[in-house]
Amino acid sequence: MLEELQRVVEVLAHRLGRAVAVDDLDFRLLAYSAHLGEGDEMRARVILSREAPPEALAWLRRQGLGRATGPVRLPANGSLGILPRVVVPVVYQGVRFGYLWLFDAEGSLTDEQLELASSAAADAGAVCFRERVLSDLRTAREGELVRDLLSADQQVRDMASARLVEGGLFAPRGDVAAVVARPLPSDADGVDEDDRIALQAAVNTVSTRLGDRGSLRLVRPDHAVLIVPSVTLRRSPDVPEALRTASLERLGRKEKWRDVHVATGSPARRLDDAAASYTQALDALRVAEVVPSFAPLVHHEDLGIYALLAGQPFDGIGTHGVHPAVRHLLEADRELFTTAELYLDRAGDARATASELGLHRASVYHRVRRIEDVTALDLSDGQHRLILHLGIKVCRLLGLV
């Protein structure tokens with residue numbers, strides 16, 4: 001697509017004898033001609049960064065270009081280093097794809113030249129339309145194969161992995177990991193079709209940044225999935241944050257969402273084992289929702305004991321499934337419960353526990369004795385400590401605390 005757009009831009013620039021550029025709807029530069037005649041500071045900045053700076057974006061969005069049906073003359077803006085321009089909407093089959101730009105500091109563009117520019121914009125729109133159709137077909141095919149890649153059936157996963165590679169949809173580079181984004185609704189409405197479209201746009205944004213064949217995408221009923229090579233995450237550790245940011249921006253309607261959590265599964269050695277990393281990411285999301293200290297970005301490898309517990313079938317366990325000693329402590333005194341958790345998290349270090357709770361060490365020892373009385377456990381016994389520690393973490397996962 002970019003090569004075709006470049007040809008459209010260069011032909012028009014040659015015919016008009018002035019610089020031409022094409023942006024997408026977010027004013028990101030797609031193609032531009034050589035410098036011909038006049039230019040300004042903003043053109044240089046955009047060519048260097050491939051997008052307009054925030055203050056210029058704000059100004060452009062106030063110009064009502066989204067409603068334009070033909071060429072629009074924009075005035076100069078000295079504070080932004082912008083000379084007068086003409087912008088032509090890039091539209092095809094009623095779908096708007098971006099904007100074609102021409103310098104016109106002297107207001108010398110004739111009606112005939114504007115007709116040429118409008119014709120070039122239509123040609124650019126046709127290029128973008130074809131790319132959109134091909135991209136939609138590719139996304140649909142990719143989605144079907146990624147669904148199979150995450151199947152519980154190993155044979156289905158093997159076939160999907162082979163087709164993704166052979167079809168040129170993914171370039172394997174060693175280990176892969178799943179990055180999963182899940183929006184958290186503020187009410188019971190959940191994630192609707194419009195929200196899923198927004199998630200698709202968000203995951204597409206991040207995928208595009210990772211380059212051709214650099215990731216795989218899938219949107220499920222309440223979350224979005226990216227499968228990426230582990231080497232990519234090492235080189236670009238901000239991918240999870242980028243996915244969260246893009247999701248929040250695309251979802252909009254801040255009152256509907258508490259947040260978007262993003263989890264990363266542990267690396268899987270082969271593409272056909274990506275389902276394991278995906279499952280781990282889902283487990284990590286479950287932990288982050290009930291243990292806020294892990295949110296909003298969580299990695300399965302950072303979960304500690306929660307990584308073991310989250311993979312267990314806890315659905316329907318309820319309070320009766322918790323060890324009696326832990327249940328007694330939970331019902332007796334929430335303050336003691338919190339002290340026990342912190343004390344065990346700190347490997348029985350009373351000084352560290354006292355420091356974090358803002359207590360004297362003697363107070364911690366007193367609370368430990370009370371915990372032992374309530375639970376009938378001896379916290380100097382490793383087995384008893386393990387029972388209590390695991391039970392406390394199970395309570396966290398079950399949302400009982």
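The following exchange concerns a sheet and a helix pair in a predicted model.

The model is predicted, so that local features need pLDDT of at least 70 and side-chain atom pairs count only at pLDDT 80 or more, while totals for chains, interfaces and linings use all residues. Residues are numbered from 1 along each chain as its sequence is written, and side-chain values use heavy atoms, with hydrogens and water left out.

Colleague: Which are the edge strands of the open sheet?
Modeller: Strands here are DSSP runs of E with at least two residues, and helices are runs of H or I with at least four, numbered from the N terminus. Two strands pair if DSSP finds at least two bridges between them, and the 5 strands pair antiparallel in the order β2-β1-β5-β4-β3. Those that pair on one side only are β2 (29-32) and β3 (72-74).

Colleague: How many bridges join β4 to β5?
Modeller: Strand β4 covers residues 85-92 and strand β5 residues 95-103, and the two run antiparallel. Within this pairing, Pro89 stands opposite Tyr99 of β5. The number of bridges joining β4 to β5 is 8.

Colleague: Are α12 and α13 parallel or oblique to each other?
Modeller: The axes, which are lines fitted to C-alpha atoms over the stretch in contact (heavy atoms within 4.5 Å), come within 9 Å for α12 (residues 334-345) and α13 (residues 350-357) and cross at roughly 130°. Angles run from 0 to 180 degrees between N-to-C directions, and those under 35 degrees count as roughly parallel, over 145 as roughly antiparallel, 65 to 115 as roughly perpendicular and the rest as oblique. The two helices α12 and α13 are therefore oblique.
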